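I set out to look up the strand pairing, the ligand shell, the core and a handful of single residues in this structure. The entries below follow the order in which I consulted them.

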Amino acid sequence: MSKVVVNQETCIGCGMCASMKSDIFEMDMDQGIAKVINSNTCDDADEAIAMCPVGAISCED
Ligand code: SF4
């Protein structure tokens, strides 16, 4: 099953993914970037993947 991944180098911490899909993403306040908090499939994260301004969210097999 594929899983959602946030590229920590690319993420600019805009918070959009966490506000759109709080069941999948959470902001790491210490590091100022998003982190994935569960292992939902990529289908659930499609919208956030499309909306991330820097393309930091992807799916991995
Ligand atoms: S939408 Fe993209 S840039 Fe913004 S916090 Fe989420 S992963 Fe980071």
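**Entry 1. The β1 and β4 pair.** I looked first at the partner of Lys-3 in this predicted model, and I found Lys-3 standing opposite Glu-60 in β4. The two strands concerned, β1 and β4 (residues 57-60), pair in the antiparallel sense, and I noted 4 bridges between them. I then followed the side chains along β1, which alternate. Val-4 and Val-6 point to one face and are buried. Lys-3 and Val-5 point to the other face and are not buried.

**Entry 2. Val-5.** I stayed in strand β1, where Val-5 is found. Is Val-5 buried, partly exposed or exposed? I counted 14 other C-beta atoms within 10 Å of Val-5, and burial takes 20 or more while exposure takes 12 or fewer, so Val-5 is partly exposed. Leaving out residues up to four places away in sequence, I recorded that Val-5 touches Val-36, Ser-58 and Glu-60. I also checked Val-5 against Cys-42, which is 37 residues apart from it along the chain; their C-alpha atoms are separated by 9.2 Å.

**Entry 3. The β2 and β3 hairpin.** I turned to strand β2 (residues 25-28), which pairs with β3 in the antiparallel sense over 4 bridges. Within this pair, I found Glu-26 opposite Lys-35 in β3. The two strands form a hairpin, and 4 residues lie between them. In the turn I noted Gly-32, whose phi is positive, at about 70°.

**Entry 4. The ligand shell.** Which residues are the closest to the ligand? I listed Cys-11, Cys-14, Cys-17, Ala-34 and Cys-52, out of 15 residues that surround the ligand. I sorted the shell by residue class and obtained 13 nonpolar residues, 2 polar residues and no charged residues. By element, α1 (16-20) and β3 (33-36) each supply at least two residues of this shell.

**Entry 5. Ala-34.** I looked up the contacts of Ala-34, which is among the residues closest to the ligand. With its neighbours within four places in sequence set aside, Ala-34 is in contact with Val-6, Cys-11, Gly-13, Cys-17, Ala-18, Phe-25 and Met-27.

**Entry 6. The nonpolar core.** I identified the largest nonpolar core, which has 12 residues in all. Its members are Val-4, Val-6, Cys-11, Cys-17, Ile-24, Phe-25, Ala-34, Ala-45, Ala-48, Cys-52, Ala-56 and Ile-57. I noted that β1 (3-6) and α2 (42-51) each supply at least two residues of this core. I compared the core with the ligand shell: Cys-11, Cys-17, Ala-34 and Cys-52 belong to the core, and these four are also listed among the residues closest to the ligand.

**Entry 7. Helix α2 and the loop after it.** I examined Met-51, found in helix α2. Met-51 has 13 other C-beta atoms within 10 Å, so it is classed as partly exposed. Apart from its neighbours within four places in sequence, Met-51 is in contact with Met-16 and Met-20. The C-alpha atoms of Met-51 and Cys-17 are separated by 7.7 Å, although the two residues are 34 residues apart along the chain.

Ala-50 is found in helix α2 as well. I counted 9 other C-beta atoms within 10 Å of Ala-50, which is therefore exposed. Ala-50 and Asp-23 are 27 residues apart in sequence, and I recorded 17 Å between their C-alpha atoms.

In the loop between α2 and β4 I located Pro-53. Pro-53 is exposed, because 9 other C-beta atoms lie within 10 Å of it. Its C-alpha atom is separated by 8.8 Å from that of Met-16, and the two residues are 37 residues apart along the chain.

**Entry 8. The whole chain.** I closed with the overall figures. The secondary structure comprises 2 helices and 4 strands, and from the N terminus on I read the elements as β-α-β-β-α-β. The radius of gyration is 10 Å, close to the 10 Å that the globule rule gives for 61 residues, so the protein is as compact as a globular protein of that length. Along the principal axes, the C-alpha atoms fill a box of roughly 30 × 20 × 20 Å. Of the 61 residues, 21% count as buried. Among contacts between residues at least 6 apart in sequence, I noted that 56% join residues at least 24 apart.

Notes: Residues are numbered from 1 along each chain as its sequence is written. This is a predicted model: local features need pLDDT of at least 70, side-chain atom pairs count only at pLDDT 80 or more; totals for chains, interfaces and linings use all residues. A residue is near a molecule or strand if its C-beta atom, placed from the backbone, lies within 6 Å of it. Ala, Val, Leu, Ile, Met, Phe, Trp, Tyr, Cys and Pro count as nonpolar, Asp, Glu, Lys and Arg as charged, and the others, Gly among them, as polar. A nonpolar core is a set of buried Ala, Val, Leu, Ile, Met, Phe, Trp, Tyr and Cys residues joined through C-beta atoms within 7 Å. Two residues are in contact if their C-beta atoms, placed from the backbone, lie within 7 Å. The radius of gyration is taken over C-alpha atoms; the globule rule is 2.2 Å times the number of residues to the power 0.38. Two strands pair if DSSP finds at least two bridges between them.
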